[in-house]
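I opened the model and kept notes as I went. The entries follow in the order of my looking.

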Amino acid sequence: MEIPRNIKETYLRVDPHFKHELLKVPGGETFKYCYQCGTCTATCPVARFTDVFRPNKIIHLAKLGIRRVIYSDAVWLCVNCYSCTERCPQGVKVADVMRALKNIAVAEGFIPDHSREFYMNIMKNGLVYTIPRSRISRRSALGLPPLPQTNIDDLQKLAEATNIPRLLEGAK
Amino acid sequence: MNEMKYVFYLGCLIPYREMSYEISARRVAQELGIELIDMPDANCCGLPVDPVDHEMMLLLAARNLCIAESMGHNIFTLCNGCTGVLVKVNKMLKQDRDLRAQINEQLKAIDMEFQGKIEVKHMVQVLLEMGLDDLKQRITQPLSKLSVAGYTGCHIFRPSEFMEVKNPEEPTLLYDLIEATGARSVRYLDEYQCCGFVEGAIDSQIPLFLARDLITNAKEAGADLMVSICPACHQVLDAQQRRAERNFEETYGLPVLHYPQLLGLAMGIAPEELAIKDLRVNASKVLSTLM
């Protein structure tokens, strides 16, 4: 993914505040205990098949203040399987740290298309996918109960209290 | 709450792509006397929104929990992802008073309040709570000729901080359930490795590599078929198996059943009622020669 230009110009330098920012995001707190043993990368199913994703390196870069780490695909490659979190000898919740880094990226307007689409779908019909009509009619033909009809107003009201509407306004 | 009545949280992927899982689970639940009450106003569990905004994930999960609380029963789930999120948020809100106050403040906008009155249970947990002995008594057609490789997935036992499964490095919950049907449970290399389903959106190759590993390892260990307990895992192992075959120019042909399909067959339920034909990799051949 391309780095948005305004971000490119502002943040190519080392940013000493970045680590403090990460510590404040819920889930990011434990990254400071990392001592670079690499257990997370050794146990990571994704790291087995791509060179781009190395959780311990991402944490190291974040500690150094290389803010650029969140503008690459790398953090989004985490599948959230928690193998690393389970095995980290320092108690770093690696998967949560990756998620916290994604949250920071999104807060700066950097959101992958699929994540935006998921969110938009939820706000439109309550579910993360748009269920095709053919499947809805098959349900009734099979005698399965109708799918839930989510009260979308509820979801709108909940979203208003979060940062999301502001984040996605420009992204639409 | 020991009664066999649950609020059924279906999730999104099952009605979208894995209806056979729902059909077989409902059929088996009916046979076992587990009453499933549908949730008319449910929303996405929240997991897909976590990378976008953590708070919104908490709110979406909390809303589902509140609806189930108002219905007065524990939640019954089929998807590992939904289970993981709902269990986690339920525990977080029960344990962390400040977080609960903050979320409840936000839930006021939709006239809901989290009270912490219910539990969230995946189908396999419900079955294990019923007791393996009880389950074994219901088996009328033991699948003793079958060797089955169970694929547990991730969020049903990781992170162990929230999931509290016995022996999180090597949980046996699915193996016990497979053996209860009379089948032989096969252990294989990397059996607890993630299927990589969510990776599909970023890099569609990685789930294929992971599927290939899991399927070939299971086959090498002598499995006649695999069994999964999550629609996402099933997507990768079953629906994408042909893609993996084309991609690597190999042939696998390993059927992947949903666990309630296996259990249903062992309980003597007809394959048609368990939507066995809906599977992408044909299972009838293996089942007819071995049963």
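**Notebook: sheet, helices, domains**

I started at a single residue pair: B:Phe8 faces B:Asp38, which sits in S2(B). I then looked up the strands around this pair. Strand S1 of chain B covers residues 5–9 and pairs with S2(B). Their pairing is parallel and runs over 4 bridges.

Before going further I checked confidence. This is a predicted model. I noted an average pLDDT of 96 for chain B. There, 99% of the residues score at least 70. For the complex, the predictor reports an ipTM of 0.94 and a pTM of 0.95.

Next I traced the whole sheet. In what order do the 4 strands of the open sheet in chain B run? I read S2-S1-S3-S4, with parallel pairing. At the edges I found S2 (35–38) and S4 (120–122) of chain B, each paired on one side only. I also noted the twist: neighbouring strands of this sheet are turned by 40 degrees against each other on average, direction ignored.

Then I turned to the helices. Helix H4 of chain B, residues 80–95, lies across S1, S3 (75–77) and S4 of chain B. I logged its angle to S4(B) as about 155 degrees. Helix H6 of chain B, residues 123–130, lies across S3 and S4 of chain B. Here the angle to S4(B) is about 90 degrees.

Last, I looked at chain A. How is chain A divided in the domain assignment? I found domain 1 at 5–107 and domain 2 at 113–169. The C-alpha centres of these two domains of chain A are 30 Å apart.

Methods
Residues are numbered from 1 along each chain as its sequence is written. Chains are lettered from A and ligands numbered from 1 in the order in which they are written. This is a predicted model: local features need pLDDT of at least 70, side-chain atom pairs count only at pLDDT 80 or more; totals for chains, interfaces and linings use all residues. Two strands pair if DSSP finds at least two bridges between them. Helices (H or I, at least four residues) and strands (E, at least two) are DSSP runs, numbered from the N terminus. Axes are lines fitted to C-alpha atoms, for helices over the stretch in contact, and angles run from 0 to 180 degrees between N-to-C directions. Two residues are in contact if their C-beta atoms, placed from the backbone, lie within 7 Å. Domain bounds come from an automatic or database domain assignment. pLDDT is the predictor's confidence in each residue, from 0 to 100.
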